[in-house]
Amino acid sequence: MKKTISGLLALILLLSVCAGCGNADQTPDQADDPGQTQENIYASLLDVDPGEAALETGGNQIPMELYLYWLTSSCSYVESQISMMNMYSGGQYSEIVNEDGSLKWDGELEGTPLTQIAREQAESSALSYLVMESVAEAHQISLTDEDKAAIEEDRAAYAEQLGGQEDFVNNLWEMGITQEDFDRVSAAGYYYQHLLTLAQDPASDLYQAPGENDAYVDHILLMTKDAESGEPLGEEEAAEKKAKAEELLTQLQETDPAELETLFTQLADENGEDEGRNEGKGYLINEATNFVQEFKDAAFALQPGQISGIVESDYGYHILMRKDLTEDHLASLAALGLSNYLDGQLAELAESVKRSEKLDAIDVKDFITSYREAVMALH
């Protein structure tokens, strides 16, 4: 998740049209300290104080500058996604996409105004940081010295990528955010790592034990339809597949239990026809997993170390073996449980958060247009 958060930050920094100035006669490079001496770009476009609260709950807040950063980022992201959808669909969304790929911001996508989509995504992004911080605080998690050092390293690496510290400061100024905002976004990944550690600790209230139907299952599949065309095999060929499955099952049933998993893996490697079977020699599944029901029913009926009989599905004949969950599987399940918990907290926060009245007064179309004009004027 640390890398995911860092990657998300870098992605949004690139997606955003992250440049602008409060004074069109002076570029950031001409200022002695652009992060301090120049008017915030958003303040130059809107009647807002960059440091005033845009979203607030429980004494914690998202300042207007950071909310507006997410709004410009969301506009860029929505635009890139819809433009891509339009390109790959042969112009299906041409009513809301200009020839240059930009959006017609007064348009709608499936009945929802584009400006509303951008607003909702910006608020969700902003609130996700409040959630991470509040959950971390509730579990007495704070940044360690190692975390703080790593955040400094992240910042230095990004500055180097841009060309140096001066370019980094200019870049932040152009995006309308401070170094404190930048570090705050980076810190979320480190809070998450600590929360994930708790989610894997049975003594923590964030821990969710694997369910009975969280299963690690391998199988031997002998297909009764053509893998390329999907057409059913002839009766004779299908009968041969079933006979082969019965032969393999007999071998498995007659082997020493201590050697069963080794033999199963060998037979699956040599005879199995599931091209999607991964290198981990199995699948982590639950009720929601997109597998045929016959496969899931057979898997959930097994205990770790047991094999099934011959299970028939539309794909062919299966022999399944349920295995013990690995440490990686337990970590994946913990991450999923934590994600679901944080999503629930986000939904609750969205219902109770105090929003600045100035947010509703922002005309997204005019705002993003004027922001980009400021960018073009500078560059």
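Tutor: Before we look at anything, one rule: two strands pair if DSSP finds at least two bridges between them. Keep in mind that this is a predicted model.

Student: Okay, so what makes β1 and β2 a pair?

Tutor: Strand β1 (residues 53–57) and strand β2 (residues 60–63) share 4 bridges, in the antiparallel sense. The rule asks for at least two, so they pass. Across the pair, T57 stands opposite N60 in β2.

Student: What do β1 and β2 form, and what is special about G58?

Tutor: A hairpin, with 2 residues between the strands. G58 sits in the turn and has a positive phi of about 55°.

Student: On to E99. Is E99 buried or exposed, and how do you know?

Tutor: Its relative accessible area is 88%. The cut-off for exposed is over 50%, so E99 is exposed. E99 lies in the loop between α4 (64–88) and β3 (108–109). The C-alpha atoms of E99 and S83 are 9.6 Å apart, with 16 residues separating them along the chain.

Student: And M87, buried or exposed?

Tutor: M87, in helix α4, comes out at 56%. That is over 50%, so M87 counts as exposed too. Together with M84 and Y88, M87 forms a nonpolar surface patch with about 400 Å² of accessible area.

Student: What makes E123 and R355 a salt bridge?

Tutor: Their side chains meet at 2.5 Å, N to O. The limit is 4 Å, so the pair qualifies. E123 belongs to helix α5 (residues 114–138) and R355 to strand β9 (residues 354–355), so the contact ties together parts 232 residues apart in sequence.

Student: Which class of accessibility does each partner get, E123 and R355?

Tutor: E123 has 16%, under the 20% limit, so E123 is buried. R355 has 37%, which falls between 20% and 50%, so R355 is partly exposed.

Student: How do you know that K244 and E247 make a salt bridge?

Tutor: The closest N and O atoms are 3.9 Å apart. That still falls within 4 Å, so the label holds. Both residues are in helix α9 (residues 235–254), and because they are 3 residues apart, about one helical turn separates them. K244 is partly exposed at 29%, and E247 is partly exposed at 43%.

Student: What do salt bridges that share partners join?

Tutor: They join D218, D269, R277, K281 and K323 into one network. Inside that network, the side chains of R277 and D218 meet at 2.8 Å, N to O. This pair links distant parts of the chain: R277 is in the loop between α10 (260–271) and β6 (283–285), and D218 is in strand β5 (residues 215–223), 59 residues apart. R277 is at 16%, so it is buried. D218 is at 0%, so it is buried as well. The structure holds 12 salt bridges.

Student: How many residues are in the largest nonpolar core, and which have the most contacts inside it?

Tutor: The count is 67 residues, and the best-connected are L55, Y67, L68, L71 and I82. Helix α5 supplies the largest share, 11 residues. A second, separate core of 14 residues includes I220, L260, L267 and M321.

Student: Which residues is I82 in contact with, leaving aside its neighbours within four places in sequence?

Tutor: Y93, I96, V97, L103, L109 and L114. Each of them counts as a contact because heavy atoms lie within 4.5 Å.

Key:
Residues are numbered from 1 along each chain as its sequence is written. This is a predicted model: local features need pLDDT of at least 70, side-chain atom pairs count only at pLDDT 80 or more; totals for chains, interfaces and linings use all residues. Side-chain values use heavy atoms; hydrogens and water are left out. Buried means under 20% relative accessible area, exposed over 50%, partly exposed in between (1.4 Å probe, protein chains only). Patches are made of residues with over 30% relative accessible area and no salt bridge: like charges are joined within 9 Å, nonpolar side chains (Val, Leu, Ile, Met, Phe, Trp, Tyr) within 5 Å. Accessible areas come from the Shrake-Rupley method with a 1.4 Å probe; for residues, only the protein chains shown count as cover. A nonpolar core is a set of buried Ala, Val, Leu, Ile, Met, Phe, Trp, Tyr and Cys residues joined through side-chain atoms within 4.5 Å.
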